[in-house]
Amino acid sequence: GKALSLADVAAFKSGKTHLLGTSLAGDGALLASGAPNAPAGANRGAVQVFERQVGGAFTTTEHITRAGGSDGDLFGWGLAAQGQELLVGSPGANNGGSGRGRVDLLARDGNKVWQLGSGPQPTSWGNAQKFGQAVAWVGDQAVVGAPGDDAGGADRGSVFVFTRKPNKSWEQQARLQPANSKPGDQLGEAAATSFDGEQIALGAVRGDPNKSDLNGHVWVYRKLQGVWTLSADFAPPPEIAASVDATDKKARFGRAVAIDGNRLLVAATGDSSKKKLGGSIALFRRDGAGKWDYKARIFPQRSEVGDTFPSALAIRGDRLLVGCNGCEQPSKSGDNHGRGFMFVFDGTTYSEAKELSANPQTYYELYGASVGFAGDDAFVGASYTDNPANSTADDRVGGVYHFKLAPPSCEGADT
């Protein structure tokens, strides 16, 4: 994989730790990536837009900052794309309070100028709500995580579902907060929706009835006759719970989630069955009656101690993109260079088909912080890599790596 050039982006030619690659969202020929720490030290945030050119290469087209933004907004932390529009989460924005968060709509007009529009907002706000930390968007439906929501207890968290009306306004459809979630769970740090918009998976890596261990919890909601109904509720499967490190005691189940059709993928980064804190992915399947069952654990072909695999998941048909920003490279032990993978579903489980290697890969990149698709292209975010165009040495601007994939052959998520 080759890093997308940032040579034409003046904002990335000075300063450090913009964290480009923290988030990724693509649709067709459009790719966007969040840099929530930009400009350096201010954490206002920015979104970098790339577009596919004739020949297939992606080049920079727009560097977007929010008019009226403030330090600490973290604009770009959450990100979703659809057509020529983006939903951008700013979980640190005060937004009339303190740390309430915000989601903005960005739409590209006929002159290819990005215009700021109205994004979804909850019917009730709370301080430190962190609304916008996770954002997903399918059709006329948006899903937004608010892990700091104090409804029902401090930092219990919620996930909001919105419908976009014909006049382009947004209406809150549901506030998802499972009855057995607890204060401190921070529900909404991880959220994903299926391609048909009929299912939502929620991850709470801090979810644990005992509050002593970060075992994690995952819930699945399904829209039945227009009503969001809880259809599955998972603690770590027994073989994962039994495989946590004896000292660490944390499964970290639910750090990332992906769902489509009858398949649910859940990160369990504390699984130590292969290597201490090596991590795994849990695969669940839904049967014809709508019942979900745990089926298998998924591992990379090679694990290292402390990998905490995976950090990011993205599903498209039978392909699964996996990022692991904590993974080590054998020749560079002790540093979070990160790794990226392509797994393929064979009808029963997922197997590693290819490692998506950065070229070149440098020290402590956090490669795999995010993953995403745009058309038949795959992308891996490396939020702590250096930008060669930057005049500041060891700048950690962040970056995005591009992989051209062969078109899928008759693949698609089963339902």
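A charge is taken to sit over a ring if NZ of Lys or CZ of Arg is within 6 Å of the ring centre and within 35 degrees of the ring normal. In this predicted model, Lys274 meets that description, lying over the face of Phe299 at 5.0 Å from the ring centre. A second case involves an arginine: Arg263 is placed over the face of Phe345, at 4.0 Å from the ring centre.

Rings also meet other rings here, and the structure holds 14 aromatic pairs. One of them joins Phe253 and Phe284 in an edge-to-face arrangement, with 6.3 Å from centre to centre and 65° between the planes. Phe253 belongs to strand S18 (residues 253-260) and Phe284 to strand S20 (residues 280-286), so this contact ties together parts that are 31 residues apart in sequence. Both partners are well worth a look in the viewer: Phe253 is buried, its relative accessible area being 0%, and Phe284 is likewise counted as buried, at 1% relative accessibility.

Another edge-to-face pair is made by Tyr367 and Tyr401, whose centres are 5.2 Å apart and whose planes stand at 85°. This pair, too, links distant parts of the chain, since Tyr367 is found in strand S26 (residues 367-374) and Tyr401 in strand S28 (residues 399-404), 34 residues apart. Tyr367 is buried, with 1% relative accessible area, while Tyr401 counts as buried at 3% relative accessibility.

Beyond separate pairs, there is a cluster to point out: Trp125, Phe131, Phe160 and Phe162 are linked by ring pairs.

Note on methods: Residues numbered from 1 in each chain as written. Predicted model: local features only at pLDDT ≥ 70, side-chain atom pairs only at ≥ 80, totals over all residues. Heavy atoms only, no water. Phe/Tyr/Trp six-rings, centres within 6.5 Å; stacked < 30°, edge-to-face > 60°. Helix = DSSP H or I, 4+ residues; strand = E, 2+ residues; numbered from the N terminus. Buried < 20%, exposed > 50% of the residue type's maximum accessible area, 1.4 Å probe, protein only.
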